[in-house]
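Please open the structure in your viewer and keep the selection tool at hand. The tour proceeds from the whole chain to individual residues.

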Amino acid sequence: MMLVPAIVALLVACGNDIKPKRPITDQPGVVFIEAGHRDTVNTNISHEQLCAALLANDWEFSYSFFYDDYIIGNRREDLYDSRFRYTFNEDGTAVATDLSYGNKYSYRYTVTARLVTLTSDSKTFKFGVIAMDERHMICDESIAGTYVEGYDPATLTRRMIFLSRKK
């Protein structure tokens with residue numbers, strides 16, 4: 001009679017377990033959007049293409065959601081009171097028009113590689129362009145250090161979806 005040795009492993013869980021990284025990430029030509037859905041969008045954008053697209057269209061904020069290294073949220077978590085349409089000009093200025101209230105805000109902007117920086121006298125807003133096509137632009141804004149319930153503040157990011165609107 002042959003005996004098969006049995007191995008019993010006892011796993012003890014504690015509050016400091018390492019959470020696994022989320023399995024959904026951006027891939028060439030495919031980005032994740034809310035709730036981990038995927039969208040096919042050009043991710044191979046040059047600095048020149050980005051600058052030309054910013055000038056050719058107005059960019060209307062559609063929605064955003066939070067994500068971190070572990071979770072991808074949905075648009076109902078990141079609420080905005082207003083929607084904005086951004087108009088970029090060749091002279092390095094940009095105007096954000098509040099579509100709900102009609103207010104206009106003036107900025108200076110720069111584009112470094114795929115990072116867009118909007119600066120006014122009172123604030124600076126930076127976002128990296130992850131993907132872009134003729135319909136929309138997918139951007140990330142690092143908000144690391146901000147607390148949003150259920151997310152890791154060290155890796156918290158806001159993903160924003162802008163729709164292109166012909167000028």
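The stops below move from the overall fold to the barrel and then to the interior.

**The whole chain.** Begin by displaying the entire protein chain, which is a predicted model. Its secondary structure consists of one helix and 10 strands. Read from the N terminus, the elements follow the order β-β-α-β-β-β-β-β-β-β-β. Of the 167 residues, 41% are buried. If you turn on the surface, about 10400 Å² is exposed, and carbon and sulfur atoms supply 55% of that area.

**The barrel.** Next, select strands S3 to S10. These eight strands close into a barrel in the order S3-S4-S5-S6-S7-S8-S9-S10, with antiparallel pairing. From one strand to the next, the twist averages 35°.

**Strands S3 and S10.** Now select residues 57-67, which form S3, and residues 157-166, which form S10. The two strands pair in the antiparallel sense over 10 bridges. Within this pair, locate Phe61, which stands opposite Phe162 in S10.

**The largest nonpolar core.** Which residues have the most contacts inside the largest nonpolar core? Select Leu50, Phe88, Leu118, Phe127, Val129 and Met137 to see them; the core has 23 residues. Strand S8, residues 124-132, provides the largest share of this core, with four residues. A second core, of 11 residues, lies apart from it and includes Val31, Tyr67, Ile72 and Ala131. In soluble globular proteins, nonpolar side chains tend to be buried together.

**Leu118.** Finally, centre the view on Leu118. Leaving aside residues up to four places away in sequence, Leu118 touches several others, including Tyr86, Phe88, Ala94, Tyr107 and Phe127.

Technical notes:
Residues are numbered from 1 along each chain as its sequence is written. This is a predicted model: local features need pLDDT of at least 70, side-chain atom pairs count only at pLDDT 80 or more; totals for chains, interfaces and linings use all residues. Side-chain values use heavy atoms; hydrogens and water are left out. A nonpolar core is a set of buried Ala, Val, Leu, Ile, Met, Phe, Trp, Tyr and Cys residues joined through side-chain atoms within 4.5 Å. Buried means under 20% relative accessible area, exposed over 50%, partly exposed in between (1.4 Å probe, protein chains only). Contact means heavy atoms within 4.5 Å. Accessible areas come from the Shrake-Rupley method with a 1.4 Å probe; for residues, only the protein chains shown count as cover. Two strands pair if DSSP finds at least two bridges between them. Axes are lines fitted to C-alpha atoms, for helices over the stretch in contact, and angles run from 0 to 180 degrees between N-to-C directions.
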